[in-house]
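Q: I would like a close look at one part of this model. Please start from a single residue and work outward.

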Amino acid sequence: MNRRAWILFLTVSLLWGMPYLLIKVAIEDLSPLAVVFGRLAVAALVLVPLAAARGTLSALRGRLPIVAVIALVHIVGPFLLITYGEVHISSSMTGLLIAIEPAVIALLMLRSEPLSRARVAGLGLGFAGVAVLVGADLSGDRLGLLGAAMVLLATLGYAVATMLVQRRAADVPPAALTAGTTTISTLVLLPFAVFALPTAPVRPVSWAALIALGVLCTAIALLAFYGLIAEVGAARAGLVTYVNPVVAVLLGVALLGEPVGAGTIAGFALIATGCWLSTRAPRRGAAPRRDETTETVAAVTAAHGAA
């Protein structure tokens, strides 16, 4: 990769490793629902004008039903699950659990992808890593186990959304799709967010975390990711999925004092190895080239598991 690609790669890795820390800060003063709504509203305010300036919003005509479904499965459900889950678990554990997403996608695509020994081993290692991670850090903690389960359920939503985008919305430009899904998600949550407004004073740091979630971790991160795809392709750009959890752990430890034990390290090592094995291309025969738009939106949907 050239210098520009490395800069974009590091930028996206950092911005998509930050959400879990920022969510943890924001929910100190704001309800999880308010955090999700505020983040999406800020992101939509940035992304919609951008898509309009690029002239891509017209691509949403006649596609709103499937875009709405994607918004619910990819954004509303997972964002709520992750944010509520972080009430009970650390930001670093959230980032590590999200790392299992590529393996979940591989599991859901078993019918269309060859089931090699490497894939079987990868799936086994990935989910064993989840068991080690949860068992080592949350053993006997019922609320912690509930939080972990919510985060893992969010990865299923991300995986299903990836398949929906590939099969039903591959022809929608990513900028338009992202603008559409964030806007629809904001409108869906608006009636509920009205009843989740803060009743006590909110610290400036919580407001700053909320704005950063929308502007940096959603809007700017997506723009940087699109640029990275243009530089190195969707497959290499998707490697940020393996770096995000490391950033999440480092930030959680450095800024929030979250503990990291041997079980945490072992669990992540198993998850990362399992995801790599379960998602790598088969050796024999070249896979048919997919349309570039399909590769782009699939990579965006998968890597956006950063919440």
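Where is threonine 181 found, that is, in which helix?

A: Threonine 181 is found in helix H9. The model is predicted, so every value below is computed from it. Helix H9 covers residues 174-193.

Start with exposure. Threonine 181 has a relative accessible area of 4%. The cut-off for buried is under 20%, so threonine 181 counts as buried.

Next, its partners. Leaving out residues up to four places away in sequence, threonine 181 touches Val67, Ile70, Ala71 and Ile75. Each of these contacts means heavy atoms within 4.5 Å. For orientation, helix H4 spans residues 64-85.

Now the ends of this region. The loop between helix H8 and H9 holds aspartate 171. Aspartate 171 forms a salt bridge with arginine 63, and their closest N and O atoms are 2.8 Å apart. Arginine 63 sits in the loop between H3 and helix H4, so the pair ties together parts that are 108 residues apart in sequence. The two partners differ in exposure. Aspartate 171 is exposed at 55% relative accessibility, whereas arginine 63 is buried at 19%. The value for arginine 63 is under the 20% cut-off, so it is classed as buried.

On the other side of H9 comes the loop that leads to H10, with arginine 203 in it. Arginine 203 makes a salt bridge with aspartate 29, at 2.7 Å between the closest N and O atoms. Aspartate 29 lies in the loop between helix H2 (19-26) and helix H3 (32-53), and the pair links parts of the chain 174 residues apart. Both partners are partly exposed: arginine 203 has a relative accessible area of 39%, and aspartate 29 is at 25%.

The count of salt bridges comes to 3. The remaining pair is glutamate 231 with arginine 4, with closest N and O atoms 2.9 Å apart. Glutamate 231 is in helix H10 (residues 204-232) and arginine 4 is in helix H1 (residues 3-15), so this pair ties together parts 227 residues apart in sequence. Glutamate 231 is partly exposed at 33% relative accessibility. Arginine 4 is also partly exposed, at 47%. Side chains of opposite charge can pair when their charged atoms come close.

Then the nonpolar packing. The largest nonpolar core has 79 residues, and Leu97 and Leu228 touch the most other members. H10 gives this core its largest share, 14 residues. A second, separate core has 11 residues, among them Val165, Ala169, Leu177 and Ile184. In soluble globular proteins, nonpolar side chains tend to be buried together.

Some nonpolar side chains sit at the surface instead. Leu108, Leu153, Leu156 and Val160 make a nonpolar surface patch of about 280 Å². H8, residues 142-168, supplies the largest share of that patch, 3 residues. Leucine 108 belongs to helix H6 (residues 101-108). At a relative accessible area of 33%, leucine 108 counts as partly exposed.

One more buried site is worth a look. Glycine 95 lies in helix H5 (residues 91-98). Its relative accessible area is 2%, so glycine 95 is buried. Outside its neighbours within four places in sequence, glycine 95 is in contact with Tyr20, Pro245 and Ala248. The C-alpha atoms of glycine 95 and valine 249 are separated by 7.1 Å, although the two residues are 154 residues apart along the chain.

What about the cysteines? Cysteine 217 is buried at 0% relative accessible area. Cysteine 275 is likewise buried at 0%. The structure holds 0 disulfides.

Finally, the whole protein. There are 14 helices and 0 strands. Every element from the N terminus on is α. Buried residues make up 54% of the 307 residues. Among contacts with a separation of 6 or more, residues 24 or more positions apart account for 90%. The protein exposes about 13700 Å², and carbon and sulfur atoms supply 68% of that area.

Back to the starting point: threonine 181 is a buried residue of helix H9, touching Val67, Ile70, Ala71 and Ile75.

Conventions: Residues numbered from 1 in each chain as written. Predicted model: local features only at pLDDT ≥ 70, side-chain atom pairs only at ≥ 80, totals over all residues. Heavy atoms only, no water. Salt bridge = Lys/Arg side-chain N within 4 Å of Asp/Glu carboxyl O. Helix = DSSP H or I, 4+ residues; strand = E, 2+ residues; numbered from the N terminus. Buried < 20%, exposed > 50% of the residue type's maximum accessible area, 1.4 Å probe, protein only. Areas by Shrake-Rupley, 256 points an atom, 1.4 Å probe, with all protein chains shown as cover. Disulfide = S-S within 2.5 Å. Core = buried A, V, L, I, M, F, W, Y, C linked by side-chain atoms within 4.5 Å. Patch = residues over 30% accessible without salt bridge, like charges linked within 9 Å, V, L, I, M, F, W, Y side chains within 5 Å.
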